[in-house]
Amino acid sequence: MYSNLNIVVAKEDGTSKTLKYSIKNTALAQAWARALHEDYLTNDDVVMAKEFFLHAWGASNPRSKSWLCNELNYHIDRVNEYFNDNNIDYKVDMKFSAITVNQSQLNDIHRHFELIQGHHKETTDIWNNANDAFRWSVNQFNHMCHELEGHLYLEEYGQSNTGTMIVCLYPNNKHPITEQQLSEFEMKNYKKGDVRLHYPQTGRQFIEAYLHSDENVPMDEIEPIKYISGEFDLMFHDINVDWDGFKTWLEDNNVDQSNPHNALGYATVAHGDIPDDIFDYSDITCVQLEREWPHIGVTRVLAEKTFPHTGIKQYMYQRDKYYKTTVRPYTQSFINAMRSELYKHADTKTIVELKHSYKKIIINNNVILPSNAQYYESIYGSIDAGIEDIVNKINTMDDNIILDYEYKHNYYLEFTTKKVYCDYQLHSKQLVEQFQNIEEYVLWFKRNVWKRKQVFGKHNFTDYHLGNVYVTWDLKWRVIDFDDIVRFSVDGSSDDVFWQSVLDKFLVSNRTNLSNNYVLDNWNREQLIKIWNSTKHR
């Protein structure tokens, strides 16, 4: 008999503890444990979908309501692009905001998820013919919808009454559920410490449709649970359902409450004691199953599997995999600014958007400043060799952002750059909040500048301001407006002059209306200069 489920949870700093659950000795619970053991814990290829597993988790969850809304908008854009590119007459006409998101909107986006996945005869071919990136983005509608529901629940009921870890495992394996196992579903509240059987299908159960007041799903499309998989939900709060209201709702919708195949209510497979500080832990690093050997009076670990990657990293790896070269390095406001009157005094600059890249063309009588041209000729022997070396250095720093370039002596320079994604802009509120304090942020900024200074040597590029630098989810820099490094950044100035120029850009309040400087808006210049001067860059 399977006796215990052990879950190792961890904090962001690596601190961990083990949660111990007693598995029920019932047909359903033992079948679930066997599926967990044989389908998942012994399969080296299995991964835990951690990008989806924290629900209503509070402060330690890195996927905030704002982050989820922004990412959901990102996936809506990708899905609509796919429809447009493939001449499919379908559009997800929705935008999400952390300020206005509500349950009705979440019901709507979940309905889009169901329809696009082929839960309607008119859309079946869309899903069957789709590429993996499109399918992944559509699946995010479901994942992020349910996680946002957790945030709304958290706001309504408070931390002490919320919290779930949804443990989904892939590649997925399902077993038909039997009528005997279905009899273990009860219209009964689950409790803190329960392990609930996971719903391993696409769609809604009756209890979910009732609790979320979801009127978008026709009753004939609601799917009671049909399968057991080794997946599970760890419940860290009690629930208090109005079961009389649920029964009335079932009657009103002509649902047979005596039919076990409707799987009404919940089924729990295990229970354990939960520590008071559970919400300080935001990761699962190991799952173990223990089995009892009554004839020798011992309990031993029968199977275990570790899951090393955190949820946010797992999600970003996936997004990079599917969209690394298919999203924008330049916002539309940046493109418009480059075409505006503000830049008429400068070079002629053109940004051409292609499907997987951008072309930036600069035309000027001295497109390579004479001082840079002299430097290239003296150090490398020619301007062409000097440009090639600097382009290679830029690609080393910025993940091969320059796909191709062309230089025509004296007046023309063209770069083809891949599309990369901006998670944070410099000096934005979202970025600054990734650090403990403003001092830590300033230190991070200066050290990134210093890394580049070491690579570029005498190229005193100082243009690290709001619109030029994109910061990715792992706090790495991508400098998208890098042509100045090639064209005219060798000036022979001292280190003191260089750092003063960088500071001046750090304190720029606004640049072509691309974004506001949250740092400057919340700390005055004198404070920032003092912090700057007291912070080492090495």
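Which residue lies over the face of Tyr74, and at what distance from the ring centre?

**Exercise 1. Charges over rings**

Identify the residue over the face of Tyr74, then treat Tyr412 in the corresponding way.

Solution. The model is predicted: local features need pLDDT of at least 70 and side-chain atom pairs count only at pLDDT 80 or more, while totals for chains, interfaces and linings use all residues. Residues are numbered from 1 along each chain as its sequence is written, and side-chain values use heavy atoms, with hydrogens and water left out. A charge sits over a ring if NZ of Lys or CZ of Arg is within 6 Å of the ring centre and within 35 degrees of the ring normal. Arg78 meets this criterion for Tyr74, at 4.6 Å from the ring centre. Lys408 lies over the face of Tyr412, at 5.1 Å from the ring centre.

**Exercise 2. Geometry and burial of helix α3**

Compare the expected span of helix α3 with the distance between its end C-alpha atoms, and state how many of its residues are buried.

Solution. Helices (H or I, at least four residues) and strands (E, at least two) are DSSP runs, numbered from the N terminus. The expected span of a helix is 1.5 Å times one less than its number of residues. For the 14 residues of α3 (residues 103-116) this gives 20 Å, and the end C-alpha atoms are 20 Å apart, which agrees.

For burial, the classes are buried (under 20% relative accessible area), exposed (over 50%) and partly exposed (in between), with a 1.4 Å probe and protein chains only. Eleven of the 14 residues of α3 are buried, including Leu106, Ile109, Phe113 and Leu115. At the start of the helix, a side-chain oxygen of Asn102 comes within 3.1 Å of the backbone nitrogen of Ser104. Just after the helix, Gly118 has a positive phi of about 100°.

**Exercise 3. Aromatic pairs**

Classify the pairs Trp243–Tyr266 and Phe435–Trp444.

Solution. Rings of Phe, Tyr and Trp (its six-membered ring) pair if their centres lie within 6.5 Å; planes under 30 degrees apart count as stacked, over 60 as edge-to-face and the rest as tilted. The whole structure holds 34 aromatic pairs. In one of them, Trp243 and Tyr266 are 6.1 Å apart centre to centre with 80° between the planes, an edge-to-face arrangement. Trp243 belongs to helix α8 (residues 243-252) and Tyr266 to the loop between α8 and β11 (268-272), so the pair links distant parts of the chain, 23 residues apart. Both residues are buried.

The ring centres of Phe435 and Trp444 are 5.2 Å apart and their planes stand at 50°, so this pair is tilted. Phe435 is buried at 10% relative accessibility, and Trp444 is buried at 13%. Both residues belong to one aromatic cluster, which also includes Tyr441, Phe461 and Trp532.

**Exercise 4. Sheet topology**

Determine the strand order of the nine-stranded sheet and identify its edges.

Solution. Two strands pair if DSSP finds at least two bridges between them. The nine strands form an open sheet in the order β4-β5-β10-β8-β11-β2-β1-β12-β13, with antiparallel pairing. β4 (54-55) and β13 (298-306) each have a single partner strand, so one side of each is left without a neighbour in the sheet. Within the sheet, β1 (residues 2-10) and β2 (residues 16-23) pair in the antiparallel sense over seven bridges, and Asn6 stands opposite Lys20 in β2.

**Exercise 5. Backbone exceptions**

Locate the cis peptide bond, and describe the positive phi values of Asn254 and Leu475.

Solution. Most residues other than glycine have a negative phi, and most peptide bonds are trans. A cis peptide bond, with omega about 0°, joins Tyr170 and Pro171; Pro171 is in the loop between β6 (169-170) and β7 (175-176). Asn254 has a phi near 60° and lies in the loop between α8 and β11, where Asn254 is exposed with a relative accessible area of 72%. Leu475 has a phi near 65° and is found in the loop between β19 (469-471) and β20 (477-479). At 23% relative accessibility, Leu475 is partly exposed.

Definitions and conventions. A polar contact is a pair of N or O atoms within 3.5 Å; within protein, one must be able to donate a hydrogen and the other to accept it, and residues adjacent in sequence count only if both atoms are side-chain atoms.
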